[in-house]
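Visitor: I should like to understand how the descriptive terms for a model are reached. Please take me through the reasoning behind each one.

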Amino acid sequence: MSLHPTLQPYADAWTHSIEAISELVTPLVEGEWNRRTPCPGWSVRDVVSHVIGLDCEMLGDPRPIHTLPRDLYHVTNEQQRYTEMQVDVRRHHTAPEMTSELEYVIIRRNRQLRNESRDPGAKVRGPYGTELTLEESMRRHAFDVWVHEQDLRAALGRPGNLDSPGAHIARDYLLAELPAVVAEKADAPRSSAVVFDVHGPIEFLRTIRVDIQGRGTLETAPALGPAATLTLDWETYVRLACGRVTPDAVADRVKAEGEPQLTAAILSNFSVTP
């Protein structure tokens, strides 16, 4: 393998998730492709189309030239329009067309990864015309594909892989967003601490400390006398952080202790995905 060792965990996570997706959707009959998923406005077919589109962009393929219908209620901004293009262009594809395209893109991406010799810091094209490092691009991609694997599992009633390589990438990705959630979005008091106690297939205890300037930092040390403590299972944490459910919908799965206004503010600002 010519892949840089720093990038290998992201390649492994992507491989595990994309193969799981292929395994999930290959046996589906035509009607099952239309099942609703936790992504607003998206069916199983749409999520798979999105995943195919993500990998096509990683391959550097040109984006489809396509005009979106005007009546897509879930598309409300330019970022969503950009994302929807790869989805809508495949909306009338049959089950065999979907599975064969997915299989082909997996083959092409595996070949790309086998031949990948660029440095992790090399600049590549990102979504929405942005530029980012190859490492960040692969990290985000591994996260995205694992989350969409979970969307498909939810739609098809096939839970699993909550502790897979992609799940560990997702944990680190989502934890990196927590300081901004607590300190900036929820406006936690200065010189305070908020504890997150997560159990299940992936377990962790993390503290967000807010300094006198109002900046948040992520720590592994427990806090004495935190302003708030949130205890929840890993699957609920992911669904909240990825905007798949509202706090009200999973209130029975979240134990919130401490200042009620603060815990409510944290939970209402918990979603960090676009």
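Visitor: How much area does the chain expose, and what share of it do carbon and sulfur atoms supply?
Guide: In this predicted model, the chain exposes about 13,500 Å². Carbon and sulfur atoms supply 50% of that area.

Visitor: What makes the chain as compact as a globular protein of that length?
Guide: The secondary structure of the chain comes to 8 helices and 7 strands. Its radius of gyration is 20 Å, and the globule rule gives 19 Å for 274 residues; the two values are close, so the chain is as compact as a globular protein of that length. Along the principal axes, the C-alpha atoms fill a box of roughly 55 × 40 × 35 Å.

Visitor: Why is proline 165 called partly exposed?
Guide: The relative accessibility of proline 165 is 34%. Buried requires under 20% and exposed requires over 50%; because 34% lies in between, proline 165 counts as partly exposed. Across the chain, 49% of the 274 residues count as buried.

Visitor: Where is proline 165 found, and which residues does it touch beyond four places away in sequence?
Guide: Proline 165 is found in helix H6, which covers residues 165-185. Leaving aside residues up to four places away in sequence, proline 165 touches Ala13 and His16.

Visitor: How far apart are proline 165 and proline 9 in sequence and in space?
Guide: They are 156 residues apart in sequence, while their C-alpha atoms are 7.7 Å apart in space. For the chain, among contacts between residues at least 6 apart in sequence, 64% join residues at least 24 apart.

Notes:
Residues numbered from 1 in each chain as written. Predicted model: local features only at pLDDT ≥ 70, side-chain atom pairs only at ≥ 80, totals over all residues. Heavy atoms only, no water. Helix = DSSP H or I, 4+ residues; strand = E, 2+ residues; numbered from the N terminus. Rg over C-alpha atoms; globule rule 2.2 N^0.38 Å. Buried < 20%, exposed > 50% of the residue type's maximum accessible area, 1.4 Å probe, protein only. Contact = heavy atoms within 4.5 Å. Areas by Shrake-Rupley, 256 points an atom, 1.4 Å probe, with all protein chains shown as cover.
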